[in-house]
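Let's walk through this structure together, beginning with a sheet and ending with a single histidine.

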Amino acid sequence: MTHIDDANVTNNGAAPAAAPQAAGPNRRQWLGQTGAALFACLGHHGVWAAGSDAPEKTEVKIGFIPLTDCASVVMANVLGFDKKYGVTIIPTKEASWAGVRDKLVNGELDMAHVLYGLVYGVHMGTAGPKKDMAVLMGLNHNGQAITLSKALANQGVTDGPSLAKHMRANKREYTFAGTFPTGTHAMWIHYWLASFGINPLTDAKLITVPPPQMVANMRVGNMDGFCVGEPWNHRAIMDGIGITANTTQDIWRDHPEKVLGTTAEFVKKYPNTTRAVMMAVLEAGRWIDAGLQNKLKMAEVVAQKSYINTSVDAINQRILGRYQNGLGKTWDDPNHMKFFNDGKVNFPYLSDGMWFLTQHKRWGLIKDHPDYLGIAKQINQIELYKSVAGALGISVPKDPMRSSKLIDGVVWDGKNPAQYADSFAIRAKA
């Protein structure tokens, strides 16, 4: 298990909220206080249930995939935020999103750093076994990308318009990869292709590849492009096999991405444990976003073999918004990956969950229009999140719906999801 010495916790940027500033033994003792004493301090916030408010389960296995956006789950454990709330997070490295799904459903994992659309897919039964699920909070916004092969780039294909032109002029089978059928990356690449007139269902072949295997598969020529989280897009550039055509924040600024997910059954059975973990992960996200040094320290930690297993330089530029496309272009992106952003990242907007359902309908993953709002209300734990955020002094939006304009100029606001899903010229045939 990786640990950071006490001095680093308080000296690199902002200190963890509510933590004593003194380093050394006193701080260790503070982090090691019993859960009951800590919960007693929080009692006046009114977060905890009546009766015993200590966590029902003190060890919580949280699955993660080797991606930069697992950082708040990892750092919650490494920095001791979990102990502060009377639990021990056990980050569990998984090989694929299908594996995460199976282990959540069968209870091998208590929670997971997980794709937003995967949670909805399991709840609907469109991504394997059907089980009632819960989105506890968002873990990050932004920070994924569309990578095209260097072979295509060498033929002048560097973005969506040039890809569409090339595909029309050079007929063959084009293969693109996402990471899970109902997940975020699959939806981003479907949306991105369609916004340039490429039908992902008829003009291209879409395959599923686990994130850590993307670069290796592109290296041997298995795909023309992929959508994945960092650091694998930047890794493709470093290895000379791919270029960044677009970031996902180009597709949808401040889009939802990974969430802290679990089963509805776990939330019901272990409510205090659930709150404790949420508080620890929220504090970790706030710590990461608090300053440059914290981000760099986070990159050093998550790059290690037990987490992402890559070089630090594959991670530490894009988390600061320092981008290059692999063809000489560089830029600073203010809409880089965020883990907290004053709580905007973490609030589980109902409209975010509904959007994934509209895209599942658009691409034929579900046959009929579901009860979009009703399902989002079942899955997204709005009231639970509000209670936890309130205890930490984190503001929450007044409206659980938000409005965004995506790359094709179409506005999504959650008001008429069925009409929205049916409004796209490129979609699955009914």
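Before we look at the sheet, one definition helps: two strands count as a pair if DSSP finds at least two bridges between them. Please keep in mind that this is a predicted model.

With that in hand, follow the open sheet of five strands, whose order is β2-β1-β3-β10-β4 and whose pairing is mixed. Which strands stand at the edges? They are β2 (88–93) and β4 (133–138); each has a single partner strand, so one side of each is left without a neighbour in the sheet. If you look along the sheet, neighbouring strands are turned by 30° against each other on average, with direction ignored.

Now turn to β10 and its two pairings. Strands of a sheet pair through backbone hydrogen bonds, in either a parallel or an antiparallel way. With β3 (residues 111–115), strand β10 (residues 258–263) pairs in the antiparallel sense over four bridges. Here you can find L115 opposite K258 of β10. The pairing of β10 with β4 is also antiparallel, over five bridges, and M137 has L260 in β10 as its bridge partner.

Is edge strand β4 mostly covered or uncovered? It is mostly covered, as six of its six residues are buried.

Our last stop is H336, which you will find in the loop between β12 (330–332) and α17 (350–362). With a relative accessible area of 11%, H336 falls under the 20% cut-off and is therefore buried. Leaving aside residues up to four places away in sequence, H336 touches H141, N142, Q249, K295, R318, I319, L320, G321 and Y323.

Terms used. Residues are numbered from 1 along each chain as its sequence is written. This is a predicted model: local features need pLDDT of at least 70, side-chain atom pairs count only at pLDDT 80 or more; totals for chains, interfaces and linings use all residues. Side-chain values use heavy atoms; hydrogens and water are left out. Axes are lines fitted to C-alpha atoms, for helices over the stretch in contact, and angles run from 0 to 180 degrees between N-to-C directions. Buried means under 20% relative accessible area, exposed over 50%, partly exposed in between (1.4 Å probe, protein chains only). Contact means heavy atoms within 4.5 Å.
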